[in-house]
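Student: Please take one part of this structure and examine it closely. I should like a single connected account.

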Amino acid sequence: CAILSCIAGIILYVLILLFLYRKEFALRELFGASFRHTRKAYTIPFAVSSVIASVLAVFAAYLWYLYRLVPQTELIAPGRTPANAQILAVLTALALIQMLMTYILILCLSGHSRKKSVLRLLK
């Protein structure tokens with residue numbers, strides 16, 4: 001369920017981002033900017049929002065671990081909880097993996113919708 005919800009969140013986020021910045025992307029294309037330059041219409045909002053969201057998610061998950069899961073785990077198996085630094089490293093790695101997957105999906109979908117967004121703007 002966690003993996004499926006992560007994938008669903010990534011897809012929903014990418015679709016919202018592509019929908020909101022489609023016109024700006026198309027305008028940059030119409031004025032002759034290269035694809036590398038026009039990608040900034042997606043990558044800058046992605047970078048800002050994903051870094052903020054990742055920091056908040058890691059912080060919330062770490063607090064949940066400290067105040068909810070550690071006490072429950074200590075009741076079941078005393079002394080077998082992972083170190084706090086280890087959990088923080090795992091959560092940070094998962095957030096970075098999710099950001100990378102989202103960035104790759106944004107690049108693929110922006111390249112795919114490149115022509116469609118320009119044609120819709122011209123109509």
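Tutor: The account below turns from the chain as a whole to one of its helices.

This is a predicted model, in which local features need pLDDT of at least 70 and side-chain atom pairs count only at pLDDT 80 or more, while totals for chains, interfaces and linings use all residues. Residues are numbered from 1 along each chain as its sequence is written, and side-chain values use heavy atoms, with hydrogens and water left out.

The chain has 6 helices and 0 strands; helices (H or I, at least four residues) and strands (E, at least two) are DSSP runs, numbered from the N terminus.

Helix H4 spans residues 40-76 and bends by about 40 degrees at Leu69, with a proline, Pro71, following within four residues. The bend at a residue is the angle between axes fitted to the seven residues ending there and the seven starting there.

Among the buried residues of H4 are Phe46, Ser50, Ser54, Val58, Tyr62 and Tyr65. Buried means under 20% relative accessible area (1.4 Å probe, protein chains only). Ser54 has a relative accessible area of 15% and is therefore buried. Leaving aside its neighbours within four places in sequence, Ser54 is in contact with Ala95 and Met99, contact meaning heavy atoms within 4.5 Å.

Helix H2 (residues 22-30) packs against H4 at an angle of about 140 degrees, the axes being 9 Å apart. Axes are lines fitted to C-alpha atoms, for helices over the stretch in contact, and angles run from 0 to 180 degrees between N-to-C directions. Arg22, Glu24, Phe25 and Arg28 of H2 meet Lys40, Ala41 and Tyr42 of H4 in this contact.

Terms used. Buried < 20%, exposed > 50% of the residue type's maximum accessible area, 1.4 Å probe, protein only.
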